[in-house]
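Hi everyone, thanks for coming. Please take a look at the screen, and I'll walk you through a few places in this protein.

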Amino acid sequence: EATRPGPIKELADVEILCMVAGGGANGNIFKAPGSASKKDIYTWGCNDHSVLGRKTKNEGESSVPGLVEALADKDIVQISLGDNHMMALDSNGQVWSWGTYRDANGILGFKPGTDKQTTPEVMGGELKDKRIIAIASGDNTSYALTDSGLLFMWGDARISQRSSSRGDNKRQVLMPSVVPSAKRFSTIFAGGYHILLIAHDGSLWAMGLNNHGQLGTGKEEDICTIPKQVK
C-alpha cells in the first residue's frame, strides 16, 4: 500500500487527456508520443475480470500501465470505468465495452453467451445505428446517451428493478434498453447505483437507489426506476 502520492514513471512524459478510476483499476487517454492527434488508452490494476481490456500474465504485468491495443486505431473521446467493466466512446458515436457485470449473486456476465469479455467489443443490440454522445459507468451498470437525448442502460438490474435472476432475464439485463422518459438529456453522471442527468433545458434529474437520499429528491422512496426531477 502507498500512504503518500508517488509518480507513475511509465506516464511521466505523456500528455494525459482523461483519467478514470474504478473499483480496482484505472484507465487514461493520452496523446501518443510523436503525434499531434493520435491518442492511446492505457489501463492498469486488478484484471481478475478482464476489466483492463488486455490480456495479462500476472499481477506484475497488470499493475503497470499497458496499451489497450484493440483501440489503438480508434479515435476515443471518453472512457468510463465500473467495478469490473470499462467502456470507451469513439468520435463516430460507437460504444466499446469489455469486462463483466456482477450482482448480489456473483457474476452476471458480459452479454448472453459470454461471461467475461477480455478485449473491447462494439456494443450492439438497441445501440446499433445510434450515435452516442456520452457514457457513464456505475459499479455494475452502464449508461449511454444518444444525440437525440435518449438514455440507455444495461448491467445489474437493481437500479431499475428489472429481475436479475438467473435464466431468461439474465439476457435482458445485459443488453442495452432505453429508459422511458419524456425528457431528453445531454449530460450524465454515475454513482455506484444511481445517476444524475442534465436535461436539454438545464434541469437536473435523478434515478436509481435512494437509500441514503443520494438522489436529492427527498426520502419518500428508496428507489426511483425512471428519471425524476431534482427540484
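Let me start with one term: when I say that two residues touch, or are in contact, I mean that they have heavy atoms within 4.5 Å. Please also keep in mind that what you see is a predicted model.

With that term in hand, let's visit Asn 210. You'll find Asn 210 in the loop between strand 17 (204-209) and strand 18 (223-229). Is Asn 210 buried or exposed? With a relative accessible area of 0%, Asn 210 is buried. Buried here means under 20%, so that value qualifies. Which residues does Asn 210 touch? Leaving aside residues up to four places away in sequence, its contacts are Leu 215, Gly 216, Thr 217, Gly 218, Lys 219, Glu 221, Asp 222 and Ile 223. There is also a polar detail to point at: the Asn 210 side chain comes to 3.1 Å from the backbone nitrogen of Leu 215.

One of those neighbours, Glu 221, brings me to salt bridges. How many salt bridges does a search of the whole structure find? The search turns up seven, and I'll show you three of them.

Glu 221 pairs with Lys 228 in one, their side chains meeting at 3.1 Å, N to O. Lys 228 is partly exposed, at a relative accessible area of 30%, and Glu 221 is partly exposed too, at 26%.

Next, find Lys 39 and Asp 75. These two form a salt bridge in which the closest N and O atoms are 3.0 Å apart. Lys 39 belongs to strand 3 (residues 39-45), while Asp 75 is in the loop between strand 4 (66-67) and strand 5 (76-81), so the salt bridge ties together parts that are 36 residues apart in sequence. Look at their surroundings as well: Lys 39 is buried, with a relative accessible area of 18%, whereas Asp 75 is partly exposed at 35%.

The third one joins Lys 31 and Glu 15, with a distance of 4.0 Å from N to O. Here, too, distant parts of the chain are linked: Lys 31 sits in strand 2 (residues 25-31), Glu 15 sits in the segment before strand 1 (16-21), and the two are 16 residues apart. Both count as partly exposed, Lys 31 at 30% relative accessibility and Glu 15 at 46%.

Now for a sheet. A quick reminder from class: strands of a sheet pair through backbone hydrogen bonds, either parallel or antiparallel. Which order do the four strands of this open sheet follow? They run 5-6-7-10, and the pairing is antiparallel. Strand 5 and strand 10 (117-122) are the edges, each pairing on one side only. From one strand to the next, the twist averages 15°. If you zoom in on strand 5 and strand 6 (residues 85-90), you'll see them pair in the antiparallel sense over five bridges. There, Ile 79 stands opposite Ala 88 of strand 6.

My last stop is Ser 62, in helix 1 (residues 59-62). Ser 62 is buried, with a relative accessible area of 6%. Not counting residues up to four places away in sequence, Ser 62 touches Trp 44, Gly 45, Asn 47, Leu 52, Arg 54 and Thr 56. How far is Ser 62 from Gln 78? The two are 16 residues apart in sequence, and 22 Å lie between their C-alpha atoms.

That's my tour. Thanks for listening!

Conventions
Residues numbered from 1 in each chain as written. Predicted model: local features only at pLDDT ≥ 70, side-chain atom pairs only at ≥ 80, totals over all residues. Heavy atoms only, no water. Buried < 20%, exposed > 50% of the residue type's maximum accessible area, 1.4 Å probe, protein only. Polar contact = N/O pair within 3.5 Å; in protein donor to acceptor, adjacent residues only side chain to side chain. Pairing = 2+ DSSP bridges. Axes fitted to C-alpha atoms, helices over the stretch in contact; angles between N-to-C directions.
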